[in-house]
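User: I would like to go through this structure in a series of short questions, with the reasoning set out for each answer. Please begin once the sequence and coordinates are displayed.

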Amino acid sequence: MAAELHVELVAADRGVWSGEATLVVARTTSGDIGVMPGHQPLLGVLESGPVTIRTSDGSTVVAAVHGGFISFADNKLSLLAEIVELSDEIDVQRAERALERAKSEADASAERRADVRLRAVSSR
């Protein structure tokens, strides 16, 4: 059996995903990071972006994460964010409309959120 790490993906209002994984890729303020079993302990700040979780059964979970924190120790990875949306929960047409509206209103943070949602969907 391949080495695994336990992952908890949590939003402010709910637990989003929990399980065993072989790799998690996320964007931090220091750049993209890949965490595998046995990684050095870390604590970092998440940037808005897609998070990719390669599960132990070989499937992939992708989520749009809007800021937060990442912590890893003792083969346990926690991703804590204000807002987390699994890619299969995202309404693509709604995200596209939100992106266009944000561009027309010059709302940079709304544009970033819509862009992250669309990137998460395209990464499935």
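The exchange below concerns a predicted model and takes up its helix pair, its nonpolar cores and several individual residues.

User: How are helix H1 and helix H2 oriented to each other, roughly parallel, oblique, roughly perpendicular or roughly antiparallel?

Analyst: Helix H1 covers residues 92–104 and helix H2 covers residues 108–122. Their axes lie 8 Å apart and make an angle of about 150°. Angles over 145 degrees count as roughly antiparallel. The orientation of H1 and H2 is therefore roughly antiparallel.

User: Is the crossing of H1 and H2 left-handed or right-handed, and how many residues of their contact are nonpolar?

Analyst: The crossing of H1 and H2 is left-handed. From H1 the contact draws on Val92, Ala95, Glu96, Ala98, Leu99, Ala102 and Lys103, and from H2 on Ala110, Glu111, Ala114, Asp115, Arg117, Leu118 and Val121. Among the residues of this contact five are charged and none is polar, and the number of nonpolar ones is nine.

User: Is Ala95 buried or exposed, and which residues does Ala95 contact beyond its neighbours within four places in sequence?

Analyst: Ala95 is placed in helix H1. Its relative accessible area is 4%, and buried means under 20%, so Ala95 is buried. The C-alpha atoms of Ala95 and His66 are separated by 14 Å, with their positions 29 residues apart along the chain. Beyond neighbours within four places in sequence, the contacts of Ala95 are Ile90, Ala114, Arg117 and Leu118.

User: What is the relative accessibility of Ala102, and which residues is Ala102 in contact with, leaving aside neighbours within four places in sequence?

Analyst: Ala102 is also a residue of helix H1. Ala102 has a relative accessibility of 2% and therefore counts as buried. Ala102 and Val92 are 10 residues apart in sequence, and their C-alpha atoms are 15 Å apart. With neighbours within four places left aside, Ala102 is in contact with Asp107, Ala110 and Glu111.

User: Which residues of the largest nonpolar core touch the most other members, and which strand gives the most to this core?

Analyst: The largest nonpolar core holds 24 residues, of which Val7, Leu9, Val24, Ile53, Leu77 and Leu79 touch the most other members. At least two residues of this core come from each of the strands S1, S2, S4, S5, S6, S7, S8 and S9. With five residues, the strand that gives the most to this core is S2.

User: Which residues does Leu9 touch beyond four places in sequence, and how many residues does the other core have?

Analyst: Beyond four places in sequence, Leu9 touches Gly15, Val16, Trp17, Ile53, Ala63, Val65, Leu79 and Val84. Apart from the core of Leu9 there is another core, which includes Val62, Leu99, Leu118 and Ala120. The number of residues in this other core is 11.

User: Is Val24 buried or exposed, and what separates the C-alpha atoms of Val24 and Glu85?

Analyst: Val24 belongs to strand S2. A relative accessible area of 1% is under the 20% limit, so Val24 is buried. Not counting residues up to four places away, Val24 touches Leu5, Val7, Ile33, Gly34, Val35, Val51, Thr52, Ile53, Leu77 and Leu79. Val24 and Glu85 are 61 residues apart along the chain, and the separation of their C-alpha atoms is 16 Å.

User: Is Gly15 buried or exposed, and which residues is Gly15 in contact with, leaving aside neighbours within four places in sequence?

Analyst: Gly15 lies in strand S2. Exposed means over 50% relative accessible area, and Gly15 has 61%, so Gly15 is exposed. Leaving aside neighbours within four places in sequence, Gly15 is in contact with Leu9 and Val10.

User: What is the phi of Asn75, and is Asn75 buried, partly exposed or exposed?

Analyst: Asn75 sits in the loop between S7 and S8. Although Asn75 is not a glycine, its phi is positive, about 60°. Its relative accessible area is 31%, between the limits of 20% and 50%, so Asn75 is partly exposed.

User: Where does Ala106 lie, and what is its relative accessible area?

Analyst: Ala106 lies in the loop between H1 and H2. Ala106 is not a glycine, yet has a positive phi of about 55°. Ala106 is exposed, and its relative accessible area is 69%.

Key:
Residues are numbered from 1 along each chain as its sequence is written. This is a predicted model: local features need pLDDT of at least 70, side-chain atom pairs count only at pLDDT 80 or more; totals for chains, interfaces and linings use all residues. Side-chain values use heavy atoms; hydrogens and water are left out. Axes are lines fitted to C-alpha atoms, for helices over the stretch in contact, and angles run from 0 to 180 degrees between N-to-C directions. Helices (H or I, at least four residues) and strands (E, at least two) are DSSP runs, numbered from the N terminus. Angles under 35 degrees count as roughly parallel, over 145 as roughly antiparallel, 65 to 115 as roughly perpendicular and the rest as oblique. A crossing is left-handed if the near helix is turned anticlockwise from the far one by less than a right angle, and right-handed if clockwise. Contact means heavy atoms within 4.5 Å. Ala, Val, Leu, Ile, Met, Phe, Trp, Tyr, Cys and Pro count as nonpolar, Asp, Glu, Lys and Arg as charged, and the others, Gly among them, as polar. A nonpolar core is a set of buried Ala, Val, Leu, Ile, Met, Phe, Trp, Tyr and Cys residues joined through side-chain atoms within 4.5 Å. Buried means under 20% relative accessible area, exposed over 50%, partly exposed in between (1.4 Å probe, protein chains only).
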